[in-house]
Amino acid sequence: MREPLRTFTRDLVALSALAAAWKGKEPKEIGRSLATVTLGTINSDAVVVTLTNQGKTPLVTAVSAGSASDGAVQALQLLLESGTPSFPRRVLSPTGEYVYVGVAAIGFSGKEGFILVGSSNPDSPGEFERLLLQVAANQAATVLEGARLLAALRDSDRLKEALLQQQTVLAQA
């Protein structure tokens with residue numbers, strides 16, 4: 001029991017530092033990094049990450065495959081494309097193999113996107129892995145929301161400056 005707990009703790013610390021590593025990064029970079037890191041920490045064959053524009057249009061879809069067959073990746077991508085609000089625990093891939101799925105919503109109800117992991121192992125993702133998956137999703141949600149708020153603040157400042165400049169021009173006329 002000690003070794004799995006030690007590994008879990010190490011992975012938890014690593015995932016907790018993601019927000020700092022992603023500061024100032026574009027969603028595309030965050031999605032790719034999130035897929036790679038998730039594959040490295042979760043016992044899975046494939047990871048598909050999709051980041052959306054506040055639940056509207058997909059901005060980024062990143063795929064990371066370890067020992068995955070194409071079927072596992074295809075199954076996860078089909079699940080995302082289906083728009084299913086609750087994902088099944090097990091799906092049949094286009095290649096005829098079962099893929100066991102773990103899902104974490106990024107942001108409230110997946111407003112920012114989803115992380116899907118797929119494995120041929122029926123016991124995956126386990127309890128610790130599901131917790132790590134949710135931590136990764138929460139880190140991504142925090143960074144994406146912070147970036148969105150910062151962009152909104154910059155837009156507001158530009159608008160304020162434009163209005164002040166316009167008011168100065170009108171006052172001089």
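Helices (H or I, at least four residues) and strands (E, at least two) are DSSP runs, numbered from the N terminus. Residue numbers start from 1 along each chain as its sequence is written. You're looking at a predicted model, where local features need pLDDT of at least 70, side-chain atom pairs count only at pLDDT 80 or more, and totals for chains, interfaces and linings use all residues.

**Exercise 1. Work out which strands sit at the edges of the sheet, and why one side of each lacks a neighbour.**

Step 1: Get the order. The open sheet of 5 strands reads 2-1-5-4-3, with antiparallel pairing; two strands pair if DSSP finds at least two bridges between them.

Step 2: Look at the ends. Strand 2 (58-65) and strand 3 (90-92) each have a single partner strand, so one side of each is left without a neighbour in the sheet.

Step 3: Check one pair. Strand 1 (residues 46-52) and strand 5 (residues 113-119) run antiparallel over 6 bridges, and V49 stands opposite I115 in strand 5.

**Exercise 2. Describe how helix 1 packs on helix 5.**

Step 1: Take the axes. These are lines fitted to C-alpha atoms, for helices over the stretch in contact, and angles run from 0 to 180 degrees between N-to-C directions. For helix 1 (residues 2-16) and helix 5, the axes come within 9 Å and cross at roughly 10 degrees.

Step 2: Name the geometry. That makes helix 1 roughly parallel to helix 5 (angles under 35 degrees count as roughly parallel, over 145 as roughly antiparallel, 65 to 115 as roughly perpendicular and the rest as oblique).

Step 3: List who touches whom, with contact meaning heavy atoms within 4.5 Å. From helix 1, L5, F8, D11, L12, L15 and S16 meet F128, L131, L132, V135, A136 and Q139 in helix 5.

Step 4: Sort by class. The contact of helix 1 with helix 5 has 9 nonpolar, 2 polar and 1 charged residues (Ala, Val, Leu, Ile, Met, Phe, Trp, Tyr, Cys and Pro count as nonpolar, Asp, Glu, Lys and Arg as charged, and the others, Gly among them, as polar).

**Exercise 3. Find the backbone oddities at S109 and P125.**

Step 1: Recall the usual case. Most residues other than glycine have a negative phi, and most peptide bonds are trans.

Step 2: Try S109. Its phi is positive, about 55 degrees, although S109 is not a glycine; look for S109 in the loop between strand 4 and strand 5.

Step 3: Move on to P125. The peptide bond from S124 to P125 is cis, with omega near -5 degrees, and P125 is in the loop between strand 5 and helix 5.

Notes. Heavy atoms only, no water.
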